[in-house]
2 protein chains.
Amino acid sequence: MIALEITAGIDIAFNEQGLVPAIAQDSVTGEILMVAWMDRDAFARTVETGKACYYSRSRKAAWMKGESSGHLQIVREIFIDCDGDVVLLKIDQIGGIACHTGRRNCFFRKLENGAWVSQFEPLKSESEIYGERK
Amino acid sequence: MIALEITAGIDIAFNEQGLVPAIAQDSVTGEILMVAWMDRDAFARTVETGKACYYSRSRKAAWMKGESSGHLQIVREIFIDCDGDVVLLKIDQIGGIACHTGRRNCFFRKLENGAWVSQFEPLKSESEIYGERK
């Protein structure tokens, strides 16, 4: 609880919506897996639990990554940038799938001759990951 | 100019300020060097010139990274994430310094027992990089 109190937002420059972008990077390979947002509570929960928690701008709520899919992110190290307005998590991705599309990471489209071209396919379908969404 | 016209913002989900965060990652080592913002024009200039251009929220203007410091970023590949709201640049960092503090990258502070602890020192001082700022 001490760590939670000390780190809950100290030195983080949350934006006017109270959010900060967080990058999840594979702790071993360096692959950038995804970027999501954190509010003060999501950051504190991440530190406290050692599992990545983010804030959903569409659902307006904090969530633990993997709570539906099982694709939890085990946090190994947490960094902040020089301006204090971007968080970097070095993580181990459970299940090897970070993207909600079922892909290894979210950055699967590459700019080629003026068009975004998908570089790799999903490892699982969304229905396999999440079941039939209600 | 064709590439510029085709790619100037297509499929990118700029936020309500017309901006998108862009991550610069070392194309060889995978090290995350910095995160900055791009507007439509900065993205188009990046594609057109092959050098990273960003948008300064404080100066309210697009700028080419390295125009003052000489620390240009040569863009090797450009990716976008699943939601289209984060850009990833794989780059070669001229001079080996991405951070305005003179460090290799901006993520030099690590969370240790509830405090941010600097992990490495600048390679050059800011005055060495920029001269005496007016």
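**A guided tour of a two-chain predicted model**

Begin by selecting strand E7 (residues 109–112) of chain A together with E5(B), for these two strands pair in the antiparallel sense over two bridges; strands are DSSP runs of E with at least two residues, helices are runs of H or I with at least four residues, both numbered from the N terminus, and two strands pair if DSSP finds at least two bridges between them. Within this pairing, Lys110(A) stands opposite Phe79(B) in E5(B).

Before going on, note that this is a predicted model, in which local features need pLDDT of at least 70 and side-chain atom pairs count only at pLDDT 80 or more, while totals for chains, interfaces and linings use all residues. Residues are numbered from 1 along each chain as its sequence is written, and chains are lettered from A and ligands numbered from 1 in the order in which they are written.

**Chain A as a whole**

Now show chain A alone, whose secondary structure comes to three helices and eight strands, and whose elements run α-β-β-α-β-β-β-β-β-β-α from the N terminus on. Of its 134 residues, 37% count as buried, a residue being buried if 20 or more other C-beta atoms, placed from the backbone, lie within 10 Å of its own, exposed if 12 or fewer do, and partly exposed in between.

If you colour chain A by pLDDT, the predictor's confidence in each residue from 0 to 100, the mean is 91, and 90% of the residues reach 70 or more. Residues 1–8 of chain A should be read with care, since pLDDT stays under 50 there.

**Strand E1 of chain A**

Next select E1(A), residues 20–26: seven of its seven residues are buried, so the strand is largely enclosed by the rest of the structure. Val20(A), Ala22(A), Ala24(A) and Asp26(A) point one way from the strand, whereas Pro21(A), Ile23(A) and Gln25(A) point the other way.

Add E2(A), residues 32–38, which pairs with E1(A) in the antiparallel sense over six bridges, and find Ile23(A) opposite Val35(A). Five residues lie between the strands of this hairpin, where Gly30(A) takes a positive phi near 85°. Then add E6(A), residues 87–93, which pairs with E1(A) in the parallel sense over five bridges; here the bridge partner of Ile23(A) is Leu88(A).

**Where the chains meet**

Show both chains again and select the contact, which takes 31 residues from chain B and 30 residues from chain A, two residues being in contact if their C-beta atoms, placed from the backbone, lie within 7 Å. On the side of chain B that touches chain A, helix H1 (2–7) and strands E1 (20–26), E2 (32–38), E5 (73–80) and E7 (109–112) each supply at least two residues.

A rotation of 180° with 0.0 Å of shift along its axis superposes chain B on chain A, with an RMSD of 0.0 Å, by least squares on the C-alpha atoms of residues with pLDDT of at least 70 in both copies. The two copies are therefore related as by a two-fold rotation axis. To find that axis in chain B, centre on Gly30(B), whose C-alpha is the nearest to it, at 2.6 Å.

**Two last stops in chain B**

Select H2(B), residues 40–49, whose buried residues are Ala42(B), Phe43(B), Ala44(B), Arg45(B) and Thr46(B); this helix is followed by Gly50(B), whose phi is positive, near 75°. Finally, go to Asp83(B) in the loop between E5 and E6 (87–93) of chain B, where this residue is partly exposed, with 14 other C-beta atoms within 10 Å.
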